[in-house]
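Here's a short set of exercises to work through with the viewer open. Try each one before you read its solution.

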Amino acid sequence: MATWNDYKKHVRESNPEIGRDIDEVEERAKIVSAMIDQRHNLNLSQRDLAEMCGLPENYG
């Protein structure tokens, strides 16, 4: 396998269920990344955001 995308293609072809799992994880990672980017754009620390949400900083 030359690249991560090659590997994902191989997995999808050989085991579609695991391929769907990979897709789901990548979609979740995109959401988390967008949330982190927005937090940075707003100049909020993790602690600030946790306080705004009423959650402990290390929640989850």
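**Exercise 1.** Find the helix that holds R39, then work out how R39 stands with respect to salt bridges.

*Solution.* Start with the location: R39 sits in helix α2. Keep in mind that you're looking at a predicted model. Next, check the surroundings: R39 is buried, yet no salt bridge goes with it. To see how that comes out, look up the nearest side chain of opposite charge, which is D48, 7.3 Å away. A salt bridge needs a side-chain nitrogen of Lys or Arg within 4 Å of a carboxyl oxygen of Asp or Glu. Last step: the side chain of R39 does have a polar contact, at 3.5 Å, with the side chain of H40.

**Exercise 2.** Is M35 buried or exposed? Also get the C-alpha separation between M35 and R20.

*Solution.* First, place M35: it belongs to helix α2, which covers residues 16-41. Now take its relative accessibility, 54%. The cut-off for exposed is over 50%, so M35 counts as exposed. For the distance, note that M35 and R20 are 15 residues apart along the chain, and their C-alpha atoms are separated by 23 Å.

**Exercise 3.** Classify D6 by its relative accessible area, and say which backbone nitrogen its side chain reaches.

*Solution.* D6 lies in helix α1, residues 4-14. The relative accessible area of D6 is 34%. Buried would need under 20% and exposed over 50%, so D6 comes out as partly exposed. As for the contact, the side chain of D6 reaches the backbone nitrogen of A2 at 3.5 Å.

**Exercise 4.** Now zoom out: which pattern does the protein follow along the sequence, and what radius of gyration does it have?

*Solution.* Begin with the secondary structure: the protein has three helices and zero strands, and reading along the sequence gives α-α-α. Then compare radii: the protein has a radius of gyration of 17 Å, while a compact globule of 60 residues would have one near 10 Å. The box filled by the C-alpha atoms, taken along the principal axes, is roughly 45 × 20 × 15 Å. Finally, look at burial: 12% of the 60 residues count as buried.

**Exercise 5.** How many positive and negative side chains are there, and what share of the exposed area comes from carbon and sulfur atoms?

*Solution.* Count the charges: 8 positive and 12 negative side chains, with the centres of the two sets 3 Å apart. Then take the surface: about 5,200 Å² is exposed, and carbon and sulfur atoms supply 53% of it.

Note on methods
Residues are numbered from 1 along each chain as its sequence is written. This is a predicted model: local features need pLDDT of at least 70, side-chain atom pairs count only at pLDDT 80 or more; totals for chains, interfaces and linings use all residues. Side-chain values use heavy atoms; hydrogens and water are left out. Helices (H or I, at least four residues) and strands (E, at least two) are DSSP runs, numbered from the N terminus. Buried means under 20% relative accessible area, exposed over 50%, partly exposed in between (1.4 Å probe, protein chains only). A polar contact is a pair of N or O atoms within 3.5 Å; within protein, one must be able to donate a hydrogen and the other to accept it, and residues adjacent in sequence count only if both atoms are side-chain atoms. The radius of gyration is taken over C-alpha atoms; the globule rule is 2.2 Å times the number of residues to the power 0.38. Accessible areas come from the Shrake-Rupley method with a 1.4 Å probe; for residues, only the protein chains shown count as cover. Lys and Arg count as positive and Asp and Glu as negative; His and the chain ends are not counted. The place of a charge is taken as NZ of Lys, CZ of Arg, CG of Asp or CD of Glu.
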